[in-house]
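The exercises below ask you to read a structure step by step, with a worked solution after each task. Please keep the sequence and the model open while you work through them.

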Amino acid sequence: ADGTPGPGAEVATHCAYCALQCGTLLRPSGPGVELEPSPDFPVNRGGLCQKGWTAPALLTTPDRLRSPLVRGPGGELAPVGWDEALDLVVARLDRVRETYGPDGVGVFGGGGLTNEKAYALGKFARVALGTSQIDYNGRFCMSSAAAAGNAAFGLDRGLPFPVTDLGDADVVLLAGANPAETMPPLMRHLVHPRLIVIDPRRTRTAEQAALHLQPAPGTDLALALGLLHLAVTENLLDKEYLDTRTTGIDAAWQYALPWWPERVEQVTGVPVEDQRTAVRMLAEAGRRYLLTGRGVEQHSKGTDTTAAFINLALALGLPGRTGSGYGCLTGQGNGQGGREHGQKADQLPGYRMITDPAARAHVARVWGVDPASLPGPGRSAYELLDALGTPGGPRALLVFGSNPVVSAPNAAHIARRLAALDLLVVADLVPSETTELADVVLPVAQWAEEDGTTTSLEGRVLRRRAALTPPAGVRTDLEVLHGLAVRMGQPAHRFPVSPRTVFDELRRASSGGRADYAGISYERLDAGEALYWPCPDAPDGNHPGTPRLFLDRFAHADGRARLAPVEHRDAAETPDTHYPLHATTGRVLAHYQSGAQTRRVPELLAAAPGAHVEIHPGTAARFGLTEGALAEVTSARGSTVARVRLVPTLRTDTVFLPFHFPGAGRANLLTGPALDPVSGMPEFKVCAVRVAPWQEP
Ligand code: SF4
């Protein structure tokens with residue numbers, strides 16, 4: 001790989017997991033690395049969470065995939081050479097494409113892929129396969145915030161300001177975010193501000209808050225409308241800001257008008273006094289921020305809910321000012337960059353829309369192809385998975401960096417769809433519940449074994465650096481895409497294997513786009529420059545990048561932000577006689593995403609060994625459940641089995657399940673197929689369930 005260090009050299013890179021992308025220093029040691037946190041990287045300042053500290057164990061896990069595997073006639077996966085595996089994949093893809101056309105093949109990517117891989121995967125799908133059927137698991141993560149941010153500001157960047165700005169805040173409102181559990185080093189920046197936390201659960205973050213609002217799952221939108229109502233009726237609006245920097249307050253108010261505090265209390269359960277205190281704290285502080293997370297975004301109305309919180313932020317004059325702001329706490333390791341470079345069903349690199357003729361012409365020129373040959377938009381992630389093997393849907397799927405058998409909603413149904421494919425190819429570093437269904441498994445390199453870049457939640461582009469070469473038998477994703485593309489008749493130079501070469505092409509493809517990387521180079525990053533996009537090309541090659549967006553104007557043509565007229569509606573499912581409780585899902589400190597990686601780290605597995613369900617003691621008693629017993633949790637989709645954990649601070653109408661665990665403990669066996677109509681986000685955060693003691697069959 002590019003830049004592989006010499007023996008014993010110290011390598012500065014970033015954590016394998018979440019979007020905070022904490023800085024780490026690696027020193028090769030035997031087959032693995034020794035790791036310490038980077039003392040200089042401003043986001044983590046020498047801190048790491050348990051996942052970051054233990055990440056080296058993933059490099060030496062005995063479970064590592066070390067050879068391509070092909071499913072034989074007896075149904076077993078057996079090792080084969082790379083040429084045999086790639087020849088077989090291309091031959092079978094050709095058969096599918098001949099029979100069903102280019103859209104007979106789908107591609108499913110991941111928000112943990114580096115910028116280079118995300119870019120190359122989008123290009124491979126559109127150019128080598130000619131398919132429109134590409135999307136990625138980031139659709140399950142940040143898509144509602146992206147849609148709402150684009151509509152409000154004309155541009156979506158998770159945090160439009162550096163993380164370190166939060167340290168100077170007086171008040172921070174966190175709506176549906178639990179960073180004390182999901183990205184603990186972020187809490188170092190939230191020591192001074194007074195926190196307001198909106199979360200149905202009393203999370204580790206809520207325990208540190210000055211004020212915790214605990215709405216019923218699925219009612220955050222009503223709460224956000226109510227907070228705007230109070231901002232108006234208590235005369236807390238920033239009128240000058242609204243007049244000079246925004247449009248839409250009158251229409252937004254029409255929808256907030258019916259949400260007077262007592263009605264909001266009735267619907268959400270949040271006391272009137274707490275609503276009033278929250279708005280006053282946020283309105284009257286000097287330096288204040290409003291941040292959203294998956295808790296308000298992962299709903300069938302996630303875009304509108306996020307927009308309602310953005311409305312509140314705009315009404316109080318927060319976004320686009322030094323010392324204040326709105327942002328979204330992006331989740332996956334490259335959750336920001338992964339959504340900018342063409343993995344999304346509707347986008348080309350640089351956040352360009354695939355339906356825009358000028359965008360198609362620009363990207364086609366960089367790729368050396370005819371714009372007319374580029375397919376149009378495809379299906380969003382859940383729709384793509386749901387269409388697999390159906391008439392008109394893909395009959396073959398290539399999966400890179402994702403484990404949808406655990407992470408997709410309605411998981412049993414999606415597993416059946418995957419199993420019904422003519423061909424399922426999965427590239428991953430360790431076996432997963434999705435590789436168990438695959439016809440071909442391709443072993444790929446991981447974080448400390450290859451070069452590349454990621455883009456953190458604050459829009460800063462960071463260098464991942466190789467400290468080791470990949471084990472024998474393992475290839476990089478870029479090498480895999482190259483090998484497939486060449487076998488499909490593509491010129492070799494069109495799919496380079498060098499991350500630096502891919503990044504240089506990505507810069508050209510993004511140039512002039514909304515996420516413009518043209519002025520960012522490996523050389524500048526390696527020289528230690530802190531570069532935030534947009535960073536366009538400059539005559540002297542030294543554009544400083546843009547740490548803070550929107551200070552003078554928002555990205556809409558008129559420079560103004562838009563408040564959105566949004567209306568509350570119920571979740572797709574609400575409790576009833578058969579399913580009397582809300583279930584909500586989320587993360588625990590020890591694990592990341594589907595857990596395919598973190599469940600292989602002994603210390604993390606010991607900390608959180610299996611599925612559990614949190615339930616209020618009174619509710620548990622009503623349903624005959626006791627601490628430590630196994631419970632069967634059942635929704636209209638099916639049942640999951642999890643160990644009971646009694647949590648007195650939980651709402652009595654709600655249970656919580658982490659989504660990292662496989663098999664019968666999958667939380668996503670419960671979640672439903674309802675999607676946000678704008679973003680395609682599934683409703684991970686609420687469904688209706690019943691609970692009972694588990695009976696052995
Ligand atoms: Fe890694 Fe995120 Fe933990 Fe930092 S907070 S060490 S980036 S998992």
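A residue is counted as near a molecule if its C-beta atom, placed from the backbone, lies within 6 Å of it. The model used throughout is a predicted one.

**Exercise 1. The ligand and its surroundings**

Determine how many residues surround the ligand, which of them are the closest, and between which domains the ligand lies.

Solution. Begin with the count: 14 residues surround the ligand, and the closest are Cys15, Cys18, Cys22, Cys49 and Gly52. Next, sort the shell by class, which gives 10 nonpolar, three polar and one charged residues. Then turn to the division of the chain, which consists of domain 1 (11-59), domain 2 (69-140 + 334-532), domain 3 (143-329) and domain 4 (581-693). Finally, ask which domains supply the shell: both domain 1 and domain 3 give residues to it, so the ligand lies between them.

**Exercise 2. Domain 1 against domain 3**

Describe how domain 1 and domain 3 are placed relative to each other, and which classes of residue make up the side of domain 1 that touches domain 3.

Solution. The C-alpha centres of domain 1 and domain 3 are 32 Å apart. Their contact draws 10 residues from domain 1 and eight residues from domain 3. On the side of domain 1 that touches domain 3, the residues divide into seven nonpolar, two polar and one charged.

**Exercise 3. Three helix pairs**

Classify the packing of H8 with H11, of H11 with H12 and of H5 with H14 from the angles between their axes.

Solution. Two packed helices are described by the angle between their axes and the distance between the axes.

Step 1. The axes of H8 (residues 220-233) and H11 (residues 261-268) come within 9 Å and cross at roughly 165°. Angles over 145 degrees count as roughly antiparallel, and H8 and H11 are therefore roughly antiparallel to each other. Their crossing is left-handed. On H8 the contact uses Ala222, Leu223, Gly226 and Leu230, and on H11 it uses Pro261, Val264, Val267 and Thr268. By class, this contact has six nonpolar, two polar and no charged residues.

Step 2. H11 also packs with H12 (residues 272-284), at an angle of about 115° and with the axes 9 Å apart. H11 and H12 are therefore roughly perpendicular to each other, and H11 passes H12 in a right-handed crossing. Here Pro261, Glu262, Val264 and Glu265 in H11 meet Val272, Gln275 and Arg276 in H12. The residues of this contact divide into three nonpolar, one polar and three charged.

Step 3. For H5 (residues 143-153) and H14 (residues 302-315), the axes come within 8 Å and cross at roughly 50°. That makes H5 oblique to H14, and the crossing is right-handed. Ser144, Ala145, Ala147, Ala148, Ala151 and Ala152 of H5 form the contact with Gly302, Thr303, Thr306, Ala307 and Ile310 of H14. Sorted by class, the contact of H5 with H14 has seven nonpolar, four polar and no charged residues.

**Exercise 4. Backbone details**

Find where Asn235 and Pro534 are located, and state what the backbone does at Asn235 and at the peptide bond from Trp533 to Pro534.

Solution. As background, most residues other than glycine have a negative phi, and most peptide bonds are trans. Asn235, although not a glycine, has a positive phi of about 60°, and this residue is found in the loop between H8 and H9 (239-245). The peptide bond from Trp533 to Pro534 is cis, with omega near 0°, and Pro534 is found in the loop between strand S21 (531-532) and strand S22 (561-562).

Key
Residues numbered from 1 in each chain as written. Predicted model: local features only at pLDDT ≥ 70, side-chain atom pairs only at ≥ 80, totals over all residues. Axes fitted to C-alpha atoms, helices over the stretch in contact; angles between N-to-C directions. Helix = DSSP H or I, 4+ residues; strand = E, 2+ residues; numbered from the N terminus. Parallel < 35°, antiparallel > 145°, perpendicular 65-115°, else oblique. Left-handed = near helix turned anticlockwise from the far one by under 90°. Contact = placed C-beta atoms within 7 Å. Nonpolar A, V, L, I, M, F, W, Y, C, P; charged D, E, K, R; others polar. Domains from an automatic or database assignment.
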